[in-house]
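Work through the exercises below with the sequence and the model open. Each task is followed by a solution in steps.

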Amino acid sequence: MELISDPNRFFEKLAEKETKLLKPVLAVILPMSILGGIYQYVISMKLAEAFVGDVAFVFKLVAYLGVVFALITSFVSWLILTLIMFALSALFGGEGSFRKTLESVGYGFFPFLISSLIKTPLTVKYALEAELPKISMNTIKENPEAVDLVVKSLLPSEVIYSSAVINVAATVWAVVMWSFALKHSRNLEFRKAFVSASLPAVLYTAYQLWTLLRLL
């Protein structure tokens with residue numbers, strides 16, 4: 001697959017072709033969204049088992065909404081990151097359509113699809129095997145921190161740290177891809193394309209790590 005073996009050549013060819021947003025959606029964004037939805041669903045449904053009454057219903061509702069939220073989040077992240085990269089590359093004199101940039105950046109999410117394929121089965125396995133204590137509304141009223149304790153006991157720390165390392169590795173890989181994507185879609189020198197891709201990538205990963213490390 002040329003996207004992996006020679007991203008420079010892949011994005012060079014892509015820049016010369018007609019823009020087709022459906023391809024990165026079907027190849028990268030949608031599968032990544034589905035995996036994110038599975039993760040959100042399993043985690044929320046597992047947490048629902050630890051609670052009784054209305055609290056359990058809330059977590060079950062969150063499980064279903066999480067699937068939709070994961071889908072929306074992936075597309076919004078794609079759009080926002082592209083906007084930021086497009087703006088930064090413009091400061092360096094980048095030229096090229098936003099639509100072509102959106103297509104190229106979409107393919108650059110491929111490393112996160114791979115990381116999701118690794119992390120999702122791992123976290124789902126441990127989440128399903130976790131034994132959580134039953135917590136009532138009275139317990140929550142007496143000890144509001146009980147909910148946090150249940151959430152933090154869902155996944156072992158080694159799984160969380162492993163996921164964090166995988167996220168960082170995926171980001172480094174994605175920055176390389178996005179750099180070549182901007183180089184050809186925005187007609188930039190690689191150095192300038194790298195700077196334009198790095199800042200939003202770091203912010204994106206920082207948010208992911210913050211979300212993940214809250215479970216510790």
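Three exercises follow, on a model that is predicted.

**Exercise 1.** Describe the largest pocket: what volume does it have, which helices line it, and how do its lining residues divide by type?

Solution. Start with the volume, which is about 1200 Å³. Next, look at the lining: it has 37 residues, and those closest to the pocket centre are Gly36, Tyr39, Gln40, Tyr207 and Thr211. Then assign the lining to helices. At least two residues each come from H3 (22–48), H4 (54–91), H6 (110–129), H8 (146–152), H9 (157–185) and H10 (190–213). H3 gives the largest share, with nine residues. Finally, sort by type: 17 lining residues are nonpolar, 16 are polar and four are charged.

**Exercise 2.** Decide whether Thr205 is buried or exposed, and find which residues it touches.

Solution. Locate Thr205 in helix H10. Its relative accessible area is 6%; buried means under 20%, so Thr205 is buried. Leaving out residues up to four places away in sequence, Thr205 touches Asn167 and Thr171.

**Exercise 3.** Compare the expected span of H6 with the distance between its end C-alpha atoms, then say where the helix has a kink and what its buried residues pack against.

Solution. H6 has 20 residues, and at 1.5 Å a residue it should span 28 Å. The end C-alpha atoms lie 29 Å apart, which agrees. A kink of about 25° is found at Lys119, shortly before the proline Pro121. Lys119 is also one of the buried residues of H6, which include Phe110, Leu113 and Val124. The packing partners of these buried residues are H1 (2–5), H3, H5 (98–107), H9 and H10.

Methods
Residues numbered from 1 in each chain as written. Predicted model: local features only at pLDDT ≥ 70, side-chain atom pairs only at ≥ 80, totals over all residues. Heavy atoms only, no water. 1 Å grid on protein atoms, 1.4 Å probe; cavity = no way out; pocket = protein on both sides within 12 Å on 5 of 7 lines; lining within 4 Å. Points joined across faces, edges and corners; volume = space filled by probe spheres on them. Helix = DSSP H or I, 4+ residues; strand = E, 2+ residues; numbered from the N terminus. Nonpolar A, V, L, I, M, F, W, Y, C, P; charged D, E, K, R; others polar. Buried < 20%, exposed > 50% of the residue type's maximum accessible area, 1.4 Å probe, protein only. Contact = heavy atoms within 4.5 Å. Expected span 1.5 Å × (residues − 1). Bend = angle between axes of the 7 residues up to and from the residue.
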